[in-house]
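Student: I'm new to this one. Could you take me through a single part up close, the cysteines?

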Amino acid sequence: MSLKLYNTLTRRKEEFAPIDPANVRVYVCGPTVYDYAHIGNARPVIVFDVLFRLLRHVYGADHVTYVRNITDVDDKINDRAARDYPDLPLNEAIRKVTEATAAQFHADIKALGVLAPTHEPRATEHIDGMKAIIERLVAGGFAYVAEGHVLFSPAAMDAAGAAQGSPLPRYGALANRTLDEMIAGARVDVAPYKRDATDFVLWKPSKTGEPGWPSPAGIEGLGRPGWHIECSAMSQAFLGEVFDIHGGGIDLVFPHHENEIAQSTCAFGKGVMANVWMHNGFLQVEGEKMSKSLGNFVTINELLAVKTFGGRRWPGEVLRLAMLKTHYRQPIDWTLKALEEAERTLDRWYAAAAALAEADADPHPDLIAALQDDLNTAQALALLHGLFETAPACALASARLFGLMQASTDAWRKSKMEQVAITAEDIGVRIQARLEARRAKNFAESDRIRDELAAMGVQLKDGKDAATGEPTTTWEVKR
């Protein structure tokens with residue numbers, strides 16, 4: 001089966017045909033490093049990691065180039081730096097914030113089993129590339145200078161695109177909206193120097209103390225780039241003027257990705273920036289939109305390291321599996337129940353794989369076919385359940401294609417004990433609950449507690465009190 005992907009630009013599922021099968025090129029928008037990444041940010045990281053793994057499987061690990069950027073120049077970064085380090089010069093404070101936040105992001109997603117991208121450029125490393133694109137846009141009449149700013153004109157783009165023989169797309173084609181609809185449906189920055197409401201910033205003057213670079217287009221003084229131009233420059237630097245796949249969250253369709261297309265196609269005179277545009281759906285927490293005001297805002301780090309969700313910490317593999325059980329284009333409801341189910345699933349899979357020294361088989365072809373059908377992880381995981389019962393070696397190889405089950409069974413048990421931070425008192429409470437369940441003849445609950453402790457590396461031994469004949473249970477750590 002050939003690889004088919006849903007293309008947001010055409011609004012249909014299409015057979016994927018890379019520009020160059022020897023170098024399949026993918027770009028995904030990465031984090032703005034001013035705060036801990038929340039669990040919604042983890043979704044595109046995990047989704048496109050699975051795509052990266054699948055492309056490497058299909059085309060070869062040396063034939064896929066995956067770029068995921070880091071935005072390290074932004075108003076939010078400036079604000080956080082001024083707040084956290086008020087006694088430091090702003091540029092020094094910004095460096096502290098971005099370095100610490102980027103390091104935390106990398107540690108968090110490593111725990112989620114995410115492969116490093118081929119390239120991870122930082123915006124501040126590509127200012128010259130941004131300025132070069134801006135100069136081309138001004139020279140081509142697509143952008144103009146006003147009061148120290150450079151602004152892109154969607155109206156100029158559409159006028160040029162209407163000319164006979166022009167390859168330029170219509171502005172708004174990705175979001176499938178007209179200019180008027182985009183003005184009505186989005187917050188538009190109002191500024192007296194803008195010619196039209198939809199014009200957006202490519203470059204702006206820096207305030208005193210802010211990061212700044214010599215400005216393009218003949219502007220005197222220091223300035224800094226707008227957000228959208230950053231990705232146009234970084235993708236072009238590593239992947240060329242037109243590449244295969246551009247990905248990100250659905251919230252980036254407009255204005256970010258729409259504006260990327262506008263900048264890149266107008267600067268390079270192409271009909272497309274990327275041939276395929278992929279977007280993952282929104283994430284809710286326990287049925288509600290995640291927000292700090294609702295008290296349900298949860299970061300990846302909190303789930304991994306702090307007992308804030310369900311009163312415990314969670315192994316990264318549990319978070320990854322819970323994320324992949326929903327198709328990437330569908331909304332996902334992040335719930336405690338889903339994490340518990342994912343953990344029980346991994347307990348069963350690790351138990352089934354315990355006797356295997358290594359995955360000496362290939363991933364199952366039916367599972368590959370499911371993934372090739374627009375990353376149908378839900379269907380692929382359903383197949384995986386059965387494989388662990390009938391063909392555990394094949395199942396283990398298949399799971400590893402998902403980025404799951406990278407550890408040994410012993411390492412999994414150890415990590416669970418570390419994550420749960422189980423103590424002798426915790427074990428005693430569970431054993432007492434199990435004894436009560438046995439007395440009530442609730443053997444399903446008794447077995448559940450036994451299996452839960454076994455997955456944590458705790459071995460139970462049942463017996464009877466010599467004097468009273470009452471059931472007793474002792475425990476030890478599995479060796």
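Tutor: Sure, let's start with Cys266. Its sulfur sits 17 Å from the closest cysteine sulfur, the one in Cys231, and that is too far for a bond. A disulfide here means a pair of cysteine sulfur atoms within 2.5 Å. Cys266 is also buried, at a relative accessible area of 7%; buried means under 20% relative accessible area, exposed over 50%, and partly exposed in between, using a 1.4 Å probe and protein chains only.

Before going on, a word on what you're looking at. This is a predicted model, where local features need pLDDT of at least 70 and side-chain atom pairs count only at pLDDT 80 or more, while totals for chains, interfaces and linings use all residues. Residues are numbered from 1 along each chain as its sequence is written, and side-chain values use heavy atoms, with hydrogens and water left out.

Now turn to Cys29. For the sulfur of Cys29, the closest cysteine sulfur again belongs to Cys231, this time 3.9 Å away. That is still too far for a bond. Like the cysteine we began with, Cys29 is buried, and its relative accessible area is 12%.

So what does a search of the whole structure find in the way of disulfides? It finds zero. Put the pieces together: the Cys29 sulfur is too far from the one in Cys231 for a bond, and so is the Cys266 sulfur.
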